[in-house]
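Notebook open, model loaded. I'm jotting down what I look up as I go.

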Amino acid sequence: QVYSYIYNNKLKFNSEIIFKSEIIFGKRQLEYAGDTSYLMSLKENYNDPDKQKTIYTTLINYYQNNGDSDKESDIYKKYSDLFLSDINILNAYAWRMTEIQRNLEDALDKTIMAIKLSSNSEEKANIIDTKAEILWLLNRYDEAINTINLAIEINPDSDYFKDQRTKFQNSKNQD
């Protein structure tokens, strides 16, 4: 009802309120009917990057929460393709792909992009870790070990990175 009121009285509201009401309506469509069509159409109506991010993350979260890894990975790839200069999106996409083991080659490419874009050493070490995890999942153990060693060089106190190296070395030794 609120959405309908706002929609029917658009001239009385600013664009941010209208957008928020559209997102709420889209979430309701997802929640009650599993219908993504409204949010998918919103993607076409908004060019603003912040609004695009909101729409995409809403869809990604929906697919993730419903265990639909195929659709989640597909929409996440499209999202990351739109924001090739956003380090956080590239790394988040790549890491999530390691969790669901989808789009690994594309995720690898995007971690390489993110590493090149990063100027913050702690952030870079985390992205390098993502790259190493992908290489490990692709059974490229030597590359994974060499890559995690780069993260360890940046952050030698990280027990997590050292545990990662051990995991990669153990996998290599089992082959």
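**Helix pair α2/α4**

I started with α2 and α4, which are roughly parallel to each other. The model is a predicted one, so I keep that in mind throughout. I looked up the geometry behind that label: the axes of α2 and helix α4 (residues 49-65) cross at roughly 15° and come within 11 Å. Angles under 35 degrees count as roughly parallel, hence the call. I noted the handedness too: α2 passes α4 in a right-handed crossing.

Next I listed who meets whom. From α2 I have E16, F19, I23, K27 and L30, and they meet K51, T54, I55, T58 and Y62 of α4. Sorted by class, this contact has 5 nonpolar, 2 polar and 3 charged residues.

**I55 and the core**

I55 turned up in that contact, and I followed it up. Leaving out residues up to four places away in sequence, I55 touches F19, I23, L39, L42, K43 and Y46. Then I pulled up the largest nonpolar core, which has 46 residues. Which of its residues touch the most other members? I got L42, I55, Y79 and F168. As for where this core draws its members from, helix α8 (residues 121-137) gives the largest share, 8 residues.

**K53**

Staying in helix α4, I checked K53. Is K53 buried or partly exposed? K53 counts as partly exposed, because its relative accessibility is 24% and buried means under 20%. Beyond its neighbours within four places in sequence, I find K53 in contact with Y79, F83, D86 and I89. I also took the C-alpha separation for K53 and I89: 9.4 Å, for two residues 36 apart along the chain.

**T36 and S69**

I put T36 in the loop between α2 (15-33) and α3 (37-45). T36 is buried, at a relative accessible area of 17%. Setting aside neighbours within four places in sequence, the contacts of T36 are L30, L59, Y62 and Y63. L30 and Y62 are also in my list for α2 and α4.

S69 sits in helix α5 (residues 69-82). With a relative accessible area of 19%, S69 is buried, since the cut-off is under 20%. Its contacts, again without neighbours within four places in sequence, are I100 and R102.

**Helix pair α9/α10**

For my second pair I took helix α9 (residues 141-154) and helix α10 (residues 159-174), which pack at about 165° with axes 9 Å apart. That angle makes α9 roughly antiparallel to α10. The crossing of α9 past α10 is left-handed. On the α9 side I wrote down Y141, D142, A144, I145, I148, N149, A151 and I152, and on the α10 side F161, K162, Q164, R165, F168, Q169, S171 and K172. By class I get 8 nonpolar, 4 polar and 4 charged residues for this contact. F168 is in this list, and I had met F168 before among the core residues that touch the most other members.

**Positive phi**

Last, I looked at backbone angles. Which residue in the loop between α6 (87-100) and α7 (104-117) did I note? It was N103, with phi near 50°, a positive value in a residue other than glycine. At 28% relative accessibility, N103 counts as partly exposed. N139, in the loop between α8 and α9, is not a glycine either, and its phi is positive at about 60°.

Technical notes: Residues numbered from 1 in each chain as written. Predicted model: local features only at pLDDT ≥ 70, side-chain atom pairs only at ≥ 80, totals over all residues. Heavy atoms only, no water. Core = buried A, V, L, I, M, F, W, Y, C linked by side-chain atoms within 4.5 Å. Buried < 20%, exposed > 50% of the residue type's maximum accessible area, 1.4 Å probe, protein only. Helix = DSSP H or I, 4+ residues; strand = E, 2+ residues; numbered from the N terminus. Contact = heavy atoms within 4.5 Å. Axes fitted to C-alpha atoms, helices over the stretch in contact; angles between N-to-C directions. Parallel < 35°, antiparallel > 145°, perpendicular 65-115°, else oblique. Left-handed = near helix turned anticlockwise from the far one by under 90°. Nonpolar A, V, L, I, M, F, W, Y, C, P; charged D, E, K, R; others polar.
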